[in-house]
Amino acid sequence: MNYTSRRTLCITLLSALALLATPIARAQWTVPTAEELSMTSQPQVPGAAAVYLFREETTEDKLHMFSTYVRLKVLTERGKEHANVELAYAHASEGASTVIDDIQGRTIHPDGTIIPFTGKPYEKLVEKTQGVRFMAKVFTLPDVEVGSIIEYRYKLRLDDNWFRAPQWYIQSGLYTRKAHYSWRPTGQQLVSSEDGGQLTNTISWTKILPPGADLKETQLPARSFDEGQYIFDLNVHDVPPTPEEDYMPPISSFTYRVLFYYSPIAPATSIGRTKASTGRSFATSSSGPDPSSPRPFTTSSSPRTRRIRSSTRSTPP
C-alpha cells in the first residue's frame, strides 16, 4: 500500500469515527414498521387523536440520570398538538436542582421521509418561589402532519450526591402499545432530605399494574465490596388511556403506576408503612432541605419493601 492510499484510508477512518461521535449518530432510533407508517387508527380507541407506539423510562442512580424515549403516532388534526413538547424541571439556589439536556427528536412522514429536529429548545419560567424556579424546556418537532410519527428523547440529571427514586406513571391520556421501565438504584447509604435527615435502609414501592404485567426484581452477583446491583424492570403493552367521562369521580390515584421511594431506617414494625412524596430526594451527605415541595399521593395497596443494605454501613464522604 503506497503513502497516498494509506493517507486516504486514515482520513476515511477518522471521518467515520467523527460521525459516530456526533449525538445524532449515537442516538439509536427505532426503524418504523410498514404497519406503523400506514396506520390511520387504533381499533381499541376509535377516534383517538394519537397513540404511544413506545415509551421508555430508565433511571441510573450512579449517573444521577433519568432517560426518556418517546415514539408517538399522530392520527388526527388534534393529535398534532403533541408535536409541542414541554419538559418540566426545577432550579434551586442550593440543593437538588435538575437539568434537562441531550434533547433529540425527529418526525417521520407516512411515506418514510425523516425530518430531524435541529432547533434549540427554549427555557420557560413556569413558577418562581423562594429559592426555587420551576422551569420547562419547550420545543416543537418539525413538519408534523396527520399520519406522522414523532420521536424524541432527553435526559434529566440531578446534582451530584443527590438521588431521587423514579415514579412510573404507566397510564396516561393516550393509548400505549408498548412501554418499558427500568431502574438501577444506588447501593450507597443515603441521608433523607426529609424525616429529620434519617439514613435509608430500604427501597419501598406501591404498584397498580395492568393485567399480566409483572414488576421484576433481580440482583446481579456480588463482586468484592459490591453487594450486587439491584435492577427493577417492567414491560407493559396495550395500556388503555385514563378513562374520562362526565361526572366521574377523580381516579388519578388509581391509574396504573409504580411509585418507588428510598425509605429511612425505621423500627421493623413501621418499615414499609411510610407514605411517599413524589418529589422526595436523598443525598450522600447532609446538604440541607429538599427545595421541591412534597406532594403526597394516596396508595390503594400496602407498599412493598426491599432491604438493600446494612444499617451500619458508613455514609460516603
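Q: What percentage of the 317 residues in the chain is buried?
A: This is a predicted model, and the chain in it has 3 helices and 18 strands. Of the 317 residues in the chain, the share that counts as buried is 44%.

Q: Which strand gives the largest share of the largest nonpolar core?
A: The largest nonpolar core has 23 residues, and Leu72, Leu87, Ile100, Ile103, Phe139, Leu141 and Tyr152 are those with the most contacts inside it. Two or more residues of this core come from each of several elements, including strand 2 (65-74), strand 3 (84-92) and strand 4 (98-108). The largest share, 5 residues, is given by strand 8.

Q: How many residues are in the second, separate core?
A: Apart from the largest nonpolar core, to which strand 1 (50-60) and strand 7 (132-140) are among the contributors, there is a second, separate core. Trp183, Leu190, Leu215 and Tyr262 are included in this second core, and its number of residues is 21.

Q: Is Asp214 buried, partly exposed or exposed?
A: Asp214 lies in the loop between strand 13 (200-208) and strand 14 (216-219), and, leaving out residues up to four places away in sequence, this aspartate touches Leu209, Asp233 and Leu234. Because its relative accessibility is 46%, and the range between 20% and 50% defines the middle class, Asp214 counts as partly exposed.

Q: What distance separates the C-alpha atoms of Asp214 and Val236?
A: Along the chain, Asp214 and Val236 are 22 residues apart. In the predicted model, the separation of their C-alpha atoms is 8.3 Å.

Notes: Residues are numbered from 1 along each chain as its sequence is written. This is a predicted model: local features need pLDDT of at least 70, side-chain atom pairs count only at pLDDT 80 or more; totals for chains, interfaces and linings use all residues. Side-chain values use heavy atoms; hydrogens and water are left out. Helices (H or I, at least four residues) and strands (E, at least two) are DSSP runs, numbered from the N terminus. Buried means under 20% relative accessible area, exposed over 50%, partly exposed in between (1.4 Å probe, protein chains only). Contact means heavy atoms within 4.5 Å. A nonpolar core is a set of buried Ala, Val, Leu, Ile, Met, Phe, Trp, Tyr and Cys residues joined through side-chain atoms within 4.5 Å.
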